[in-house]
Amino acid sequence: MRRLNVNGLQREVDVEDDTPLLWVLREQLGLTGTKYGCGIAACGACTVHLDGVPTRSCVRPVSTIEPTEKIVTIEGLSPDGSHPVQKAWVALDVPQCGFCQCGMVMAASALLKAKPNPSDQDIDEAITNICRCGTYNRVRAAIKAVAQGSTKSAGLSIQHVDGSVT
């Protein structure tokens, strides 16, 4: 039996030591907001916080997690969607299909906690998640809106391949 601190609750799970955290969260604990995308920690759909650090849960065996380490999933970030990053995502219509977005939100919220006013370079370095819909401009705009404290004045500027901006 393994003990995990998930979203502020002590949970016990009976799994093999090499079971990825992602499968424990989804299959044993029913927390399906964290998604399976690639299984090799490349896409980021499975991103959770482990003691505040964005962590790809698809490759993290539960045997490497101490009972005192705090795991936060998208469900634990804000059960009612009131986290500033979640609000910005909605206000700026960031998701298209939405599959990768829970991982994106987790990566963005960790970035903003570590760097409340991130530069474009900070965003590029922290947001390594892959979005097949290509919502990267909206992700950047949402992160900047949260940093500025308002999604009302957030503008989305898209530079097209022909050089024009909308």
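Here are some questions and answers about the predicted model shown above.

Q: What is the order of the strands in the open sheet?
A: Let's start with the sheet, which is open and made of 5 strands. Its pairing is mixed. Reading across the sheet, the order is E2-E1-E5-E3-E4.

Q: Which strands stand at the edges of the sheet?
A: An edge strand here has a single partner strand, so one side of it is left without a neighbour in the sheet. The order E2-E1-E5-E3-E4 begins with E2 and finishes with E4. The edge strands, with their residues, are therefore E2 (9–13) and E4 (53–56).

Q: How many bridges join E1 to E2?
A: These two strands form a hairpin with 2 residues between them, where Asn 7 takes a positive phi near 55°. Asn 5 stands opposite Gln 10 in E2. E1 and E2 run antiparallel, and the number of bridges joining them is 5.

Q: Which residue of E5 is the bridge partner of Val 6?
A: E1 also pairs with E5, in the parallel sense and over 2 bridges. The bridge partner of Val 6 in E5 is Ile 71.

Q: Is strand E1 largely enclosed or not, and how many of its residues are buried?
A: A residue counts as buried when its relative accessible area is under 20%. E1 has 5 residues, and most of the strand meets the description "buried", so E1 is largely enclosed by the rest of the structure. The number of buried residues in E1 is 4.

Q: Which residue in E4 stands opposite His 49?
A: Strand E3 covers residues 47–50 and runs antiparallel to E4, with 4 bridges joining the two. His 49 stands opposite a residue of E4, and that residue is Pro 54.

Q: What angle does the direction of helix H1 make with that of E1?
A: Helix H1 (residues 21–28) packs on the sheet. The strands that H1 touches are E1, E2, E3 and E5. Its direction makes an angle with that of E1 of about 80°.

Q: At what angle to E3 does helix H4 run?
A: Helix H4 is made of residues 101–114. It lies across E3, E4 and E5. Its angle to E3 is about 35°.

Q: Which element gives the most residues to the largest nonpolar core?
A: In soluble globular proteins, nonpolar side chains tend to be buried together. The largest nonpolar core in this model has 24 residues, and those with the most contacts inside it include Trp 89, Met 104 and Ile 143. The elements giving two or more residues to this core are H2, H3, H4 and H6. The one that gives the most, with 7 residues, is H4.

Q: How far apart are the axes of H4 and H6?
A: Two packed helices are described by the angle between their axes and the distance between the axes. For H4 and H6, the crossing is right-handed. The contact is made by residues including Met 104 and Leu 111 of H4, and Val 139 and Ile 143 of H6. The helices pack at an angle of about 35°, and the distance between their axes is 11 Å.

Q: Is Gln 86 buried or exposed?
A: Gln 86 lies in helix H3. Leaving aside its neighbours within four places in sequence, Gln 86 is in contact with Ile 74, Leu 77, Ser 78, Gly 81 and Val 105. Its relative accessibility is 13%, so Gln 86 counts as buried.

Q: How far apart are the closest N and O atoms of Lys 115 and Asp 122?
A: Side chains of opposite charge can pair when their charged atoms come close. Lys 115, at 38% relative accessibility, counts as partly exposed, whereas Asp 122, at 16%, counts as buried. The two form a salt bridge, and the closest N and O atoms are apart by 3.1 Å.

Q: Which residues are linked in a network of salt bridges?
A: Lys 144 forms a salt bridge with Asp 120, and Arg 140 forms one with Asp 124. Arg 140 lies in helix H6 and Asp 124 in helix H5, so this pair ties together parts that are 16 residues apart in sequence. The residues linked in the network are Asp 120, Asp 124, Arg 140 and Lys 144.

How values were computed:
Residues are numbered from 1 along each chain as its sequence is written. This is a predicted model: local features need pLDDT of at least 70, side-chain atom pairs count only at pLDDT 80 or more; totals for chains, interfaces and linings use all residues. Side-chain values use heavy atoms; hydrogens and water are left out. Two strands pair if DSSP finds at least two bridges between them. Contact means heavy atoms within 4.5 Å. Axes are lines fitted to C-alpha atoms, for helices over the stretch in contact, and angles run from 0 to 180 degrees between N-to-C directions. A salt bridge is a side-chain nitrogen of Lys or Arg within 4 Å of a carboxyl oxygen of Asp or Glu. Buried means under 20% relative accessible area, exposed over 50%, partly exposed in between (1.4 Å probe, protein chains only). A nonpolar core is a set of buried Ala, Val, Leu, Ile, Met, Phe, Trp, Tyr and Cys residues joined through side-chain atoms within 4.5 Å. A crossing is left-handed if the near helix is turned anticlockwise from the far one by less than a right angle, and right-handed if clockwise.
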